[in-house]
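Biologist: Before we use any descriptive term for this protein, I would like to hear the reasoning behind it. Could you take me through the structure term by term?

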Amino acid sequence: MAQPRQGTFVDPLRPNIQPGGFASPAEVALDITQHLAAVRQAIETMDVFVFTLGPTECWTDPVDGAVWPRAPGVSGGVDAPGWAVFRNFDEVETTADLLAALRLIRERNPQVRILLTVSPVPRSSTFEDRHVAVLTAWFKAVLRIAAERAVSELPDCAYFRFHEIITAPHTRVACFDPDERGVLPAGVAHVMRLFFHHLAGAEWTAPDVMQDAGGAEGAAPVRALSGYRRTTARPTAQTDAHTKDVDRRIQIICDEERID
């Protein structure tokens with residue numbers, strides 16, 4: 001990530017848009033005008049709006065309430081006391097902001113269809129004084145609540161279960177990196193196959209990606225492109241009705257074509 005050069009200027013709302021920084025405030029203003037014009041054109045002409053909800057942590061301007069993606073001093077500026085206030089938006093605030101944004105888009109483009117997703121990638125760090133695993137579980141729940149509210153309140157608004165497909169216990173071993181910080185190519189291909197099959201009426205033609213189970217050396221490869229698969233076999237004779245029902249429900253989560 002390129003840092004701005006000494007004596008240059010940064011747009012606080014898009015701190016990394018110009019590597020090395022802008023030469024003058026006038027250049028920043030001109031680029032903002034161009035950017036907003038492009039955003040306006042996209043909103044008014046798009047047929048489908050696909051949006052992935054991201055982290056809830058941010059910094060705000062104590063004067064006008066503007067939300068910054070990074071604190072002053074990280075990608076430009078000076079980290080001076082009182083220049084920014086850390087915030088971690090809860091489910092009420094996040095839902096309100098999401099609905100307000102989507103309704104504004106609908107005012108400009110009444111026919112646009114909306115598709116929401118939640119990333120399965122966890123946080124690697126947090127500004128808060130609590131374990132990052134606890135923070136990850138909390139903010140993913142916040143995003144799912146916000147997405148669900150939007151789907152229930154807005155017409156032509158749907159949720160694609162990217163997060164659930166990748167993080168399900170029986171698929172994550174083949175879809176996540178061993179450190180669980182990124183999604184493996186097999187996981188991406190599996191999600192894209194389902195996305196195009198169910199939402200675009202097309203078939204995903206990516207190469208058949210193979211990944212070993214958990215990245216262990218010498219482990220048998222598992223195929224993550226064919227929907228649900230079991231990593232450990234269970235004798236059929238010991239599979240009772242309850243287990244079969246649970247398996248059926250898990251299959252539906254990971255691939256809707258399994259629904260009757």
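Modeller: Let us begin with helix 6, keeping in mind that this is a predicted model; helix 6 is followed by G201, whose phi is positive, near 65 degrees.

Biologist: How do you know what span is expected for helix 6, and what span does helix 6 reach?

Modeller: The expected span is 1.5 Å times one less than the number of residues, and for the 15 residues of helix 6, numbered 185-199, that comes to 21 Å. From first C-alpha to last, helix 6 reaches 21 Å, close to the expected value. Its buried residues are A186, G187, A189, H190, V191, R193, L194 and F195.

Biologist: Why are helix 2 and helix 3 called oblique to each other?

Modeller: The axes of helix 2 (residues 91-108) and helix 3 (residues 132-153) cross at roughly 40 degrees and come within 9 Å. Angles under 35 degrees would count as roughly parallel, and 65 to 115 as roughly perpendicular, with oblique kept for the rest outside the antiparallel range; helix 2 and helix 3 are therefore oblique. Their crossing is right-handed.

Biologist: Which residues make the contact between helix 2 and helix 3?

Modeller: From helix 2 come E91, T94, T95, L98, L99, L102 and R103, and these meet V142, L143, I145, A146, A147, R149, A150 and E153 of helix 3. The residues of this contact divide into nine nonpolar, two polar and four charged.

Biologist: What makes T94 buried or exposed?

Modeller: The relative accessible area of T94 is 13%, and since buried means under 20%, T94 counts as buried. T94, which lies in helix 2, is in contact with T56, F89, V142, L143 and A146, once its neighbours within four places in sequence are left aside. T94 and V142 are 48 residues apart in sequence, whereas their C-alpha atoms are 7.4 Å apart in space.

Biologist: Why is D156 called buried or exposed, and what is its phi?

Modeller: D156, in the loop between helix 3 and strand 6 (157-159), has a relative accessible area of 56%; because exposed means over 50%, D156 is exposed. Its phi is near 55 degrees, a positive value in a residue other than glycine. Most residues other than glycine have a negative phi.

Biologist: How many helices and strands does the protein have, and what share of its residues counts as buried?

Modeller: The protein has seven helices and eight strands, and 35% of its 260 residues count as buried. Among contacts between residues at least 6 apart in sequence, 62% join residues at least 24 apart.

Definitions and conventions: Residues are numbered from 1 along each chain as its sequence is written. This is a predicted model: local features need pLDDT of at least 70, side-chain atom pairs count only at pLDDT 80 or more; totals for chains, interfaces and linings use all residues. Side-chain values use heavy atoms; hydrogens and water are left out. Helices (H or I, at least four residues) and strands (E, at least two) are DSSP runs, numbered from the N terminus. Buried means under 20% relative accessible area, exposed over 50%, partly exposed in between (1.4 Å probe, protein chains only). Axes are lines fitted to C-alpha atoms, for helices over the stretch in contact, and angles run from 0 to 180 degrees between N-to-C directions. Angles under 35 degrees count as roughly parallel, over 145 as roughly antiparallel, 65 to 115 as roughly perpendicular and the rest as oblique. A crossing is left-handed if the near helix is turned anticlockwise from the far one by less than a right angle, and right-handed if clockwise. Contact means heavy atoms within 4.5 Å. Ala, Val, Leu, Ile, Met, Phe, Trp, Tyr, Cys and Pro count as nonpolar, Asp, Glu, Lys and Arg as charged, and the others, Gly among them, as polar.
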